[in-house]
Amino acid sequence: RSFPRKKPMAKKQKQRGSLRGEEHVEAAAAAAHEDAPAANAEGEAAAQEAGGSGSEVAEGRSADAASGGVEEGKEEEAAAAEEEEREVTFDELGLDEQLKRALRKKGLTKTTPIQREAIPLILEGKDVVAKAKTGSGKTFAYLLPLLQELLKLCKEGRIRKSAPNALILVPTRELCQQVYNEASSLLELCTSKLKIVQVTASMSDKDIKLALSGPPNILVTTPACVAACISKGIVQGSSIKESLSMMILDEADLLLSYRCEDDLKALVPHIPRSCQSILMSATSSPDIDKLTKLLLHNPFVLTLTEVGHAKDDVVPRNVQQFWISCSAKDKMLYILSLLKLELIQKKVLIFVNSIDNAFRLRLFLEKFAIRSAVLNAELPQNSRLHIIEAFNARLFDYLIATDDNKTKEAKQTNKESKKDSKGSRKHLQQTLDAEFGVVRGIDFKNVFTVVNFDMPPNPAGYIHRIGRTGRANKTGASISLVSPEEDNVFEEIEHMLQDVEKKDTNCILPFPLLTKNAVESLRYRAQDVARSVTSRDIQEARRQDVKNEILNSEKLKAHFEENPTDLDLLKHDKLLTNKSIPAHLRDVPEYLIDPTTKEASNAVKLSRAAMGLDNPRRKKRMGFRSGSGKSSDPLRTFSAELLHLLIDNEISQL
Ligand SMILES: Nc1ncnc2c1ncn2[C@@H]1O[C@H](COP(=O)(O)OP(=O)(O)OP(=O)(O)O)[C@@H](O)[C@H]1O
């Protein structure tokens, strides 16, 4: 990858830095008019036609008008392009020796563009709003300067200890865990000790109090949880005011959509004026501007298209985007063809828009001997976290996910939960987790293909979904199955990509590897099997899965804390039915596969082998054991009596 040179950028950012959001676009345009009265509306239109976002166009005119020539601008760009070849290492950013060593031990040497740009600004003490594409390394972009600042305060004995010194706010529990893991893994490799904790609304007040006693240096939490801690007096607002020196809003574009606005407003009076605030996001939205105004002071604004002269894309360049047009009822047939004929590279993350659809698909695939797991808001938190870990470790290849907690079911359950004031355990079990966000910001490792079985409701949803592949510059692909009913949203997505990436051609191409013949050869079987999956089967499978996952979850936590390697024995892709799979569905007969499809499938397999993805030792390296010897099965070695008690107890609550 290429990187821009440091100095001119820093100067440019400073010009932008004193302005926020659209203000800076408007102000740059106004400056252009002042500097160059001749730049009239026609000129503006021409500039826009030449390509570029509002801000770039405005800025470009301003610079040209001020310098009095296009040539000079071109020279500057050429010089910057030359410098783009230079890669910037973490060593060049003036980080603490301990952090540099920790990064080296983690095998990280070169910065990503957002890290290269944001870290120096944050180290200078600036408030920063940074927008950069998914998977671009935003977490380290704020964690490294945050840790550096706290290590420095510790060294100088200036740390104030009545409440946490840094607050990292994320929209979901899954993200709490992820950020906590990332920060802890760095801190473990440092010699100075900083205390970090995560607290979420699923913890009891007693556990939260215990976690916050000390207090920790860094608290990772959700806005809802921190607001509850303040209102219950678990944390004193005055202590926060005294101790807080840094606040991070990660996945900021999602914070407000998780109904966090009131919680954040409740926090504002307790944030000291001296607190440095950082806002990170993958997409732009009016919510970002709202949050910026609410919580930041005169921030630097770094946006992905402005990180250097390298015009970065909204979807990582290393992700190839494809689409397939098919009717809603043929989607099962198409996904079966893609998976069974091995036309897409594993691991595969499949998105659907409802939990019922997820189970319908899982049951359908199961009948063709394709095992998958389902990740959704209904599952206990520990199970969700473990499913993500197991998928990351390649214990299974297909994960079906519902990514939005505002599904039909969620709305329904939330409505019911308002009516039901008893707040019984049973009810809590059934209520979908409002802090759940399965994909947004989650760092799924090595997902090669993202499939939109159902299209997301809007372009931002598309960007977040696609962002689960191609992370940290890895190669990836996405395939969207688009029915005529989804044409509108697909067009919106295409327009958005063309606008942002300034491309005339379509960014999403028709998927070339699946022939009509290949699909038709499976039609009869697929339709037959799809019909056999009834609504009753789906409800039963949902119940069964929650039961299985409850077994996997909370109450067994203690056991797994003592025996972490046993975790691999909890299979999330267990068969939902115990009927055996007929041979004609398990294997596609040779005569059904046309030569083109065979060739395509072989090519996919070859590239898989070339990437070393078939090497069974990989799983071991990732810390998960293979095999499932009875003697080490936690569900067998765990006290049978206690287990029965747990199962009876949990199942009776369902
Ligand atoms: N400098 C680096 N070199 C190589 N890998 C990196 C670097 N920085 C981060 N990564 C890895 O890249 C992956 C994505 O990083 P991260 O989760 O921070 O992305 P993100 O920008 O926050 O994405 P999203 O917007 O989807 O949350 C992680 O696995 C992380 O460990």
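Buried, as the word is used in these exercises, means under 20% relative accessible area, while exposed means over 50% and partly exposed covers what lies in between. The structure is a predicted model, and its protein chain holds 30 helices and 14 strands.

**Exercise 1. Describe the span and the burial of helix α17.**

Step 1. Begin with the length: α17 covers residues 355-366, which makes twelve residues, and from its first C-alpha to its last it reaches 16 Å, close to the 16 Å expected at 1.5 Å a residue.

Step 2. Turn next to the covering of the helix, where nine of the twelve residues of α17 are buried, and the helix is mostly covered.

Step 3. The buried residues can then be named: they are Ile 355, Ala 358, Phe 359, Leu 361, Arg 362, Leu 363, Phe 364, Leu 365 and Glu 366.

Step 4. For the setting, 54% of the 654 residues of the protein chain count as buried.

**Exercise 2. Work out how helix α16 lies against α17, and which residues make the contact.**

Step 1. Helix α16 spans residues 331-340, and its axis comes within 11 Å of the axis of α17, the two crossing at roughly 50°.

Step 2. An angle under 35 degrees would count as roughly parallel, and one from 65 to 115 as roughly perpendicular; α16 and α17 are therefore oblique to each other.

Step 3. The crossing in which α16 passes α17 is right-handed.

Step 4. On the α16 side the contact is made by Met 332, Ile 335, Leu 336 and Leu 339, and on the α17 side by Arg 360, Leu 361, Phe 364 and Leu 365.

Step 5. Sorted by kind, the residues of this contact are seven nonpolar, no polar and one charged.

Step 6. A general rule helps in reading such a list: an α-helix has 3.6 residues a turn, so residues three or four places apart point the same way.

**Exercise 3. Carry out the same analysis for helices α7 and α8.**

Step 1. Helix α7 (residues 113-123) and helix α8 (residues 138-155) have axes that come within 9 Å and cross at roughly 25°.

Step 2. Since angles under 35 degrees count as roughly parallel, α7 and α8 are therefore roughly parallel to each other.

Step 3. The crossing of α7 past α8 is right-handed.

Step 4. From α7, the residues Ile 114, Gln 115, Ala 118, Ile 119, Ile 122 and Leu 123 meet Lys 138, Phe 140, Ala 141, Tyr 142, Leu 144, Pro 145 and Gln 148 of α8.

Step 5. This contact between α7 and α8 divides into ten nonpolar residues, two polar and one charged.

**Exercise 4. Locate two cis peptide bonds and two positive phi values, and place each in its loop.**

Step 1. One cis peptide bond joins Gly 214 and Pro 215, with omega about -20°, and Pro 215 lies in the loop between α10 (205-212) and β4 (218-221).

Step 2. Another cis peptide bond joins Lys 346 and Lys 347, with omega about 0°, and Lys 347 belongs to the loop between α16 and β9 (348-352).

Step 3. Glu 342 is also placed in the loop between α16 and β9; its phi is near 50°, a positive value in a residue other than glycine, and at 32% relative accessibility Glu 342 counts as partly exposed.

Step 4. Asn 298 has phi near 45°, again positive in a residue other than glycine; Asn 298 sits in the loop between α15 (286-295) and β7 (300-303), and its relative accessible area of 48% makes it partly exposed.

**Exercise 5. Decide whether Val 352 and Ser 239 are buried or exposed, and list what each one touches.**

Step 1. Val 352 is found in strand β9 and is buried, with a relative accessible area of 0%.

Step 2. Leaving aside residues up to four places away in sequence, Val 352 touches Asn 357, Ala 358, Leu 361, Ile 400, Ala 401, Thr 402, Asp 403, Phe 453, Asp 454 and Arg 465.

Step 3. Val 352 and Pro 456 are 104 residues apart in sequence, and their C-alpha atoms are 8.1 Å apart in space.

Step 4. Ser 239 has its place in helix α12 (residues 237-243), and with 14% relative accessibility Ser 239 counts as buried.

Step 5. Under the same exclusion of residues up to four places away in sequence, Ser 239 touches Ser 162 and Ala 163.

Step 6. For the protein chain, among contacts between residues at least 6 apart in sequence, 80% join residues at least 24 apart.

Technical notes. Residues are numbered from 1 along each chain as its sequence is written. This is a predicted model: local features need pLDDT of at least 70, side-chain atom pairs count only at pLDDT 80 or more; totals for chains, interfaces and linings use all residues. Side-chain values use heavy atoms; hydrogens and water are left out. Helices (H or I, at least four residues) and strands (E, at least two) are DSSP runs, numbered from the N terminus. The expected span of a helix is 1.5 Å times one less than its number of residues. Buried means under 20% relative accessible area, exposed over 50%, partly exposed in between (1.4 Å probe, protein chains only). Axes are lines fitted to C-alpha atoms, for helices over the stretch in contact, and angles run from 0 to 180 degrees between N-to-C directions. Angles under 35 degrees count as roughly parallel, over 145 as roughly antiparallel, 65 to 115 as roughly perpendicular and the rest as oblique. A crossing is left-handed if the near helix is turned anticlockwise from the far one by less than a right angle, and right-handed if clockwise. Contact means heavy atoms within 4.5 Å. Ala, Val, Leu, Ile, Met, Phe, Trp, Tyr, Cys and Pro count as nonpolar, Asp, Glu, Lys and Arg as charged, and the others, Gly among them, as polar.
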